[in-house]
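Biologist: I'm new to this one and would like to learn how to read its disulfides. Could you walk me through them?

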Amino acid sequence: MRNRAIFVIVAVAVVAALSAPTTAATPHSTAGESLRGSTEDAVLIWNANAGQAALAACLAPTGNPLLESRIYAMMHVAIHDALNAIERRSRPYAFHGRTHWPASPDAAVATAARDVLVPLLSQLPDAFTQECIDAGVASVESDYAAALDAIPDGAAKERGMRKGARSAAAILALRASDGSDTLLLDFDYPEGSDPGEYRFTPGTPFAFAPGWGDVTPFVLRDSSQFRARPPYSVTSASYTKDYREVKRLGGDDITTPSKRTADQTEIALFWVESSPLQWNRIARTVSLDVGLDSWENARLFGLLNMAMADGYIGSFETKYLYNFWRPVTAIQNADTDGNPNTGVDPTWTPLVPTPPIPDYDSAHSVEGGVAAQVMRRFFGTDDISFETCSLTMPVGSTCDDVYSGTRSYTSFSQAAKENALSRILVGFHFRSATQEGLKHGRRIGNRAVNLFLRPVPS
């Protein structure tokens, strides 16, 4: 069983060759998420702290974005509701308490965050080593002690802490039976045999989290609400076009030649990083530039992370319904697909090992669509410029390096489209899966902003 457990780290750490060994998860540097000294806003600080904890716990940068997204969403719901118990500016989600006496917002935020993060990190599956779990919890506890030390003692601090604790307890209780304890590694998942049907990807004899589509959503009515339309036939002209594109561009350029440019290779590796980690970093950058206050940040990050958590839930429902094969399977078995216009290459190898999940739709693209749409709606415009870094670039150009290899964007949608393109360039997806993923994500983002954490009159 221990060998099987380790597979979860191999399976989802698709950039293992660029980061940590695949035989066990080890704590990752957290420098890239540090915000100390750059802001006094507690919500931004705890968003960054959560990223640090996810890295320390081996959830990120590529460990398990499903659990990572759920943790961020629950933490930010608790933060949002704790602040709105002190001063109601938007509708709460899980905790509806109020206070009529002065309470410290910073103490409420810190306690809400800590009281969600510590139990959730402590409950990570067995595939995460105790070293990783302990490192994640220690990161949170250290940040919490520092946060409380900076707040003057007194009744306001105590009241803030109580509100934070009650808000955290409310979301933990609400999500206690949400189905997130679903089997992560299904070695008995039935592989397809017909052209276009999913088979296990090379090196991973199992399907990853086939039940994640049954997890209770945060903002969706149900996981199928915005399900993508069915994928195309493997004998269609559209499939043939997409097939040739990913075959031409997605190879590792070692075993398999690739026509990628140097910039396209950078794009491919840049966006391998966990979507929750990357898009929260982008949101922090924009928030700092715009100058949001704590309540505005609480609403922004609550919407962003609930919608992104649902992006994975909705995409996995779609993936395992349609069960479409990955490019690596399609290209290595093209002589059996019934399409005379696809050329077989039995040794074709993608730039990064393919995750053990069906192709359609692209969850990474869904996440980009979700995040870009939430931020476009929140800020009232798509046209905001920003730059960001990545932890899955080659050593020497990551967020942790002095001269990090940043990429610049002039809009949220530009970044989302590049993120989607990266999944073709890395060899993971057909173009149709990325395009449908973007549409899927935008619909989820719109629903989140339309219906949840709505502002209330002063």
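**Reading the disulfides**

Modeller: Let's begin with one cysteine: C389 has a relative accessible area of 12%, so C389 is buried, since buried means under 20%. Keep in mind that this is a predicted model.

Biologist: Which residue is joined to C389 by a disulfide?

Modeller: Here's the general idea: a disulfide is a covalent bond between the sulfur atoms of two cysteines. In this case the partner is C399, with an S to S distance of 2.0 Å. C389 and C399 both sit in the loop between strand 3 (386-388) and strand 4 (407-409), 10 residues apart.

Biologist: Is C399 buried or exposed?

Modeller: Buried, because its relative accessible area is 13%.

Biologist: What is the handedness of the disulfide of C389 and C399?

Modeller: Look at the torsion about the S-S bond. For C389 and C399 it is about 110 degrees, so this disulfide is right-handed.

Biologist: How many disulfides does the count come to?

Modeller: Two. The other one joins C58 to C132, again with S to S at 2.0 Å. This pair links distant parts of the chain, 74 residues apart. C58 lies in the loop between helix 2 (42-56) and helix 3 (65-86), while C132 belongs to helix 5 (residues 130-149).

Biologist: And what is the handedness of the link of C58 and C132?

Modeller: Left-handed, with -70 degrees about the S-S bond.

Biologist: Are C58 and C132 buried or exposed?

Modeller: C58 counts as buried because its relative accessibility is 7%. C132 is buried too, with a relative accessible area of 0%.

Biologist: If I number the bonded cysteines in sequence order, what is the pairing?

Modeller: You get 1-2, 3-4. To read that off, put C58 with C132, then C389 with C399.

Biologist: Let's go back to helix 5. Could you show me how to read a residue there that isn't a cysteine?

Modeller: Sure, try V140, which is placed in helix 5. V140 counts as buried because its relative accessibility is 1%.

Biologist: Which residues is V140 in contact with, leaving aside its neighbours within four places in sequence?

Modeller: They are W46, A53, R114, L117, V118 and L121. W46 and A53 fall in the range of helix 2 (42-56). Take L117 as one of these contacts: it is 23 residues from V140 along the chain, yet their C-alpha atoms are separated by 7.2 Å.

Conventions. Residues are numbered from 1 along each chain as its sequence is written. This is a predicted model: local features need pLDDT of at least 70, side-chain atom pairs count only at pLDDT 80 or more; totals for chains, interfaces and linings use all residues. Side-chain values use heavy atoms; hydrogens and water are left out. A disulfide is a pair of cysteine sulfur atoms within 2.5 Å. Helices (H or I, at least four residues) and strands (E, at least two) are DSSP runs, numbered from the N terminus. Buried means under 20% relative accessible area, exposed over 50%, partly exposed in between (1.4 Å probe, protein chains only). Contact means heavy atoms within 4.5 Å.
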